[in-house]
Amino acid sequence: MTKYEILTTLISSVSILVAVGSLIWNIINSIKNRKLQKEIASMNGKIEKSNYVSKVVFDTIFLQFQKISKSLFENYNNAAVRLFPILEQTICMIPDKEGKIKKMLEFHGKSQNDLNELISITQVNRFMLTEAMVNKLETFENLMKQIIDGYENKMRDVSTGSLYEYVSREDERELTEKANETMKIFKDVEALFEDYIESLQIIS
């Protein structure tokens, strides 16, 4: 065998070895890449299911949820305690019309102020609220507006000395039901807040 033939054979052997090595290397890389893609997909799934936030962000969200919850409680307490449900027990025990109107104005003023505060807190923190939270809060606000408007008409009845001129018995029943409904919405919002807080993952 000539030197040329030996060199050609050697080069062919090296080429075959390089080709085989490249094939093996490509197979190894392909396996690694598939494994890495699976790990990334798994990680992305976990990230999608959880909200990763810093401790500062978590504390801010928690604090604002507490403020909204406290305001909701004050509002539903106004509706379920100070307005229609115990109107007769509270107002009718006051002997004179002036005293009745004064107490009703007190209840009305507190209810209106607390509702304005709730609307303000909700709007300021709207960016951190989910669509479900916003929908519930807007429903709650609308109910409170209807209850307070109805209470204003009830004050007109008391001031004119007529029982059901501006607010009929049926109106009063409906407004009482709406007052009771505010408590349910309050509990629904609390549940949404709790679920959201539990979904947060604090990163250090």
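Is Asp188 buried, partly exposed or exposed? With a relative accessibility of 22%, Asp188 counts as partly exposed. We will come back to Asp188 and its partners, but let us start with the whole chain.

What you have in front of you is a predicted model, so a look at confidence is a good way in. The mean pLDDT of the protein chain is 79, and 72% of its residues reach 70 or more. That average hides a spread: helix 1, residues 3-49, has the lowest confidence with a mean of 51, while helix 5, residues 131-160, has the highest with 92. Over residues 3-8 the pLDDT falls below 50, and beyond near neighbours in sequence this stretch makes one contact in the model. Residues 43-49 are also below 50, with two contacts beyond near neighbours in sequence. Where pLDDT is low, the predicted coordinates should not be read in detail.

Now for the overall layout. The protein chain contains six helices and two strands, and from the N terminus the elements follow the order α-β-α-α-α-α-α-β. Of its 204 residues, 30% are buried. The protein chain exposes about 13,200 Å², and carbon and sulfur atoms supply 59% of that area. Among contacts with a separation of 6 or more, 80% are between residues 24 or more positions apart.

The end of the chain offers a nice example of such a long-range meeting. Ile203 sits in strand 2, which covers residues 200-203. Leaving aside residues up to four places away in sequence, Ile203 touches Tyr52, Val53, Ser54 and Lys55. Take Lys55: Ile203 is 148 residues from Lys55 in sequence, yet their C-alpha atoms are 7.0 Å apart in space. Ile203 has a relative accessibility of 43% and therefore counts as partly exposed.

Let us move on to helix 2, residues 55-82, where Gln64 is found. Gln64 is buried, with a relative accessible area of 13%. Its contacts, not counting residues up to four places away in sequence, are with Asn125 and Met128. Further along helix 2, Phe73 and Tyr76 are three residues apart, which puts about one helical turn between them. An α-helix has 3.6 residues a turn, so residues three or four places apart point the same way. Phe73 and Tyr76 form an edge-to-face aromatic pair, with 5.5 Å from centre to centre and 85 degrees between the planes. The two partners differ in exposure: Phe73 is partly exposed at 36% relative accessibility, whereas Tyr76 is buried at 13%. The structure holds six aromatic pairs, and Phe65, Phe193 and Tyr196 form one aromatic cluster.

Helix 5 is the next stop. Its 30 residues should span 44 Å at 1.5 Å a residue, and the 44 Å between its end C-alpha atoms agrees with this. Just after helix 5, Gly161 adopts a positive phi of about 80 degrees.

Helix 6 runs over residues 169-199 and has 31 residues; it reaches 46 Å from its first C-alpha to its last, close to the expected 45 Å. Several of its residues are buried, including Leu175, Ala179, Thr182, Phe186, Val189, Phe193 and Tyr196. Phe193 and Tyr196 are thus buried members of helix 6 as well as members of the aromatic cluster with Phe65.

Finally, the charged pairs bring us back to Asp188. The structure has nine salt bridges. In one of them, Lys136 meets Asp188, with the closest N and O atoms 3.1 Å apart. Lys136 belongs to helix 5 and Asp188 to helix 6, so this pair ties together parts that lie 52 residues apart in sequence. Lys136 is partly exposed, at a relative accessible area of 28%. Asp188 also forms a salt bridge with Lys184, at 3.1 Å from N to O. Here the partners are four residues apart in helix 6, and so separated by about one helical turn. In short, Asp188 pairs with Lys136 of helix 5 and with Lys184 of helix 6.

Another salt bridge within helix 6 links Arg173 and Glu170, whose closest N and O atoms are 2.7 Å apart. Arg173 and Glu170 are three residues apart, or about one helical turn. Both are partly exposed, Arg173 at 48% and Glu170 at 38%. Elsewhere, salt bridges with shared partners join Glu74, Lys110 and Asp114 into one network.

Methods:
Residues are numbered from 1 along each chain as its sequence is written. This is a predicted model: local features need pLDDT of at least 70, side-chain atom pairs count only at pLDDT 80 or more; totals for chains, interfaces and linings use all residues. Side-chain values use heavy atoms; hydrogens and water are left out. Buried means under 20% relative accessible area, exposed over 50%, partly exposed in between (1.4 Å probe, protein chains only). Contact means heavy atoms within 4.5 Å. The expected span of a helix is 1.5 Å times one less than its number of residues. pLDDT is the predictor's confidence in each residue, from 0 to 100. Rings of Phe, Tyr and Trp (its six-membered ring) pair if their centres lie within 6.5 Å; planes under 30 degrees apart count as stacked, over 60 as edge-to-face and the rest as tilted. Accessible areas come from the Shrake-Rupley method with a 1.4 Å probe; for residues, only the protein chains shown count as cover. A salt bridge is a side-chain nitrogen of Lys or Arg within 4 Å of a carboxyl oxygen of Asp or Glu.
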